[in-house]
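Let's walk through this model together, starting from a single residue and working outwards. Keep the structure open beside the text as you read.

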Amino acid sequence: MQQTLRSSTFVATTTNRTSRTVVAKAARPTWYPGAAPPAHLDGSMTGDYGFDPLRLGTNKEVLPYYAEAELTNGRWAMAAVAGILFTDLVGAGDWWTAGAKEYSLDTKTLLAVQIPTMAVLESMRVKGWEKTGQSGAFGMHPFDPMGMSSPEKKLKEVKNARLAMVAFLGFASQAAVRGMGPIECLKLHLEDPGHNNIFTSSVGPEATVACMVLGITPVILEAKKALGDNDEEFRPIPW
């Protein structure tokens, strides 16, 4: 009788532990529902959704540098996207030809000012980040003069930074394929969505294949899990 009670208690305890483990695993957001994040991404970093197909983050020493580089490039992308949309809205000319135009400062003078200035600012930023682990500028790490920083806002910044990088890639693609800015492309699309879109452009076949791959990948991963393959981790590159 005692043995039976002990066995029942063990089973109940194990079941509870398993349930808690499953709930904890399911509670973590991943790049697609049910994805198993790689071991080196434990969810401690802001914006970690377990997506690292190139295994760039396996080196724990350089992983923080990659995260900081992503955020820094994302911030530049947010500024670039806002600038491109503004110049497009006010009709200030094509954004992709802006670098070839003549301005009050010639190119040599501009480079003589910009290179040393950016070198000093970037050196200060990197040193401050290495010392505090926080992004910043002008000696403030983190740079938060209004005291608005919070975990929620940090996550929103990472999400918007990633969206801006994708948006800039889209703007560049539109300029290369259509020879138009984003606002002009949007107006053209709204006039006739069925005929003016990426799939009817000169890169339509490539876009179709890319969308098919992105759509099928989660299905393949779920099928592997259903067939009993325990390696749930997304591993398109075998290292």
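## Ala 77 and its partners across the chain

A good place to begin is Ala 77, which is found in helix α2. The model is a predicted one, and in it Ala 77 has a relative accessible area of 8%. That value is under the 20% cut-off, so Ala 77 is buried.

Which residues does Ala 77 touch, leaving aside its neighbours within four places in sequence? Ala 77 is in contact with Ala 164 and Met 165. The C-alpha atoms of Ala 77 and Ala 164 are separated by 5.4 Å, although the two residues are 87 residues apart along the chain. Ala 167 gives another long link in sequence: Ala 167 and Ala 77 are 90 residues apart, with 8.3 Å from C-alpha to C-alpha. Ala 167 lies in helix α4. Its relative accessible area is 25%, so Ala 167 is partly exposed, whereas Ala 77 is buried.

## The overall fold

Now step back to the whole chain. The secondary structure consists of six helices and zero strands, and from the N terminus on the elements run α-α-α-α-α-α. Of the 239 residues of the protein, 20% count as buried.

Pairs such as Ala 77 and Ala 164, 87 residues apart along the chain, can be set beside a figure for the whole protein. Among contacts between residues at least 6 apart in sequence, 51% join residues at least 24 apart.

## The loop between α1 and α2

Helix α1 covers residues 2–27 and helix α2 covers residues 63–90. The loop between α1 and α2 is the place of Asp 48. With a relative accessible area of 11%, Asp 48 falls under the 20% cut-off and is therefore buried. What does the side chain of Asp 48 reach? It reaches the backbone nitrogen of Gly 43 at 2.7 Å and the backbone nitrogen of Gly 50 at 2.9 Å. Not counting residues up to four places away in sequence, Asp 48 touches Arg 28, Pro 29, Leu 41, Asp 42 and Gly 43.

Arg 55 is found in this loop too, between α1 and α2. Its phi is near 60°, a positive value in a residue other than glycine. Is Arg 55 buried or exposed? Its relative accessibility is 5%, so Arg 55 counts as buried.

## Helix α3 and what follows

Helix α3 takes in residues 107–132, which is 26 residues. At 1.5 Å a residue these should span 38 Å, and the end C-alpha atoms are 36 Å apart, so the two values agree. At the start of α3, Asp 106 has a side-chain oxygen that comes to within 3.1 Å of the backbone nitrogen of Lys 108. Arg 125, Gly 128 and Trp 129 are buried in α3, and what covers the buried residues of this helix includes α2.

Just after α3, Gly 133 takes a positive phi of about 75°. Further on, in the loop between α3 and α4, comes Pro 142. A cis peptide bond joins His 141 and Pro 142, with omega at about 0°.

## The second largest pocket and the cysteines

The second largest pocket holds about 480 Å³ of space. It is lined by 17 residues, and the closest to its centre are Gly 170, Gln 174, Cys 185, Asn 197 and Ile 198. Helices α4 (151–177) and α5 (182–191) each supply at least two residues of the lining. Which element gives the largest share of that lining? It is α4, with six residues.

Cys 185, one of the residues closest to the pocket centre, has a relative accessibility of 11% and so counts as buried. Cys 211, at 43% relative accessibility, counts as partly exposed because this value lies between the 20% and 50% cut-offs. How many disulfides does the structure hold? The count is zero.

Note on methods
Residues are numbered from 1 along each chain as its sequence is written. This is a predicted model: local features need pLDDT of at least 70, side-chain atom pairs count only at pLDDT 80 or more; totals for chains, interfaces and linings use all residues. Side-chain values use heavy atoms; hydrogens and water are left out. Helices (H or I, at least four residues) and strands (E, at least two) are DSSP runs, numbered from the N terminus. The expected span of a helix is 1.5 Å times one less than its number of residues. Buried means under 20% relative accessible area, exposed over 50%, partly exposed in between (1.4 Å probe, protein chains only). Contact means heavy atoms within 4.5 Å. A polar contact is a pair of N or O atoms within 3.5 Å; within protein, one must be able to donate a hydrogen and the other to accept it, and residues adjacent in sequence count only if both atoms are side-chain atoms. A disulfide is a pair of cysteine sulfur atoms within 2.5 Å. On a 1 Å grid over the protein atoms alone, a cavity is a set of points where a 1.4 Å probe fits but cannot get out, and a pocket is an open set with protein on both sides within 12 Å along at least five of seven lines; lining residues have an atom within 4 Å of a point. Grid points are joined across faces, edges and corners, and a volume is the space filled by probe spheres set on the points.
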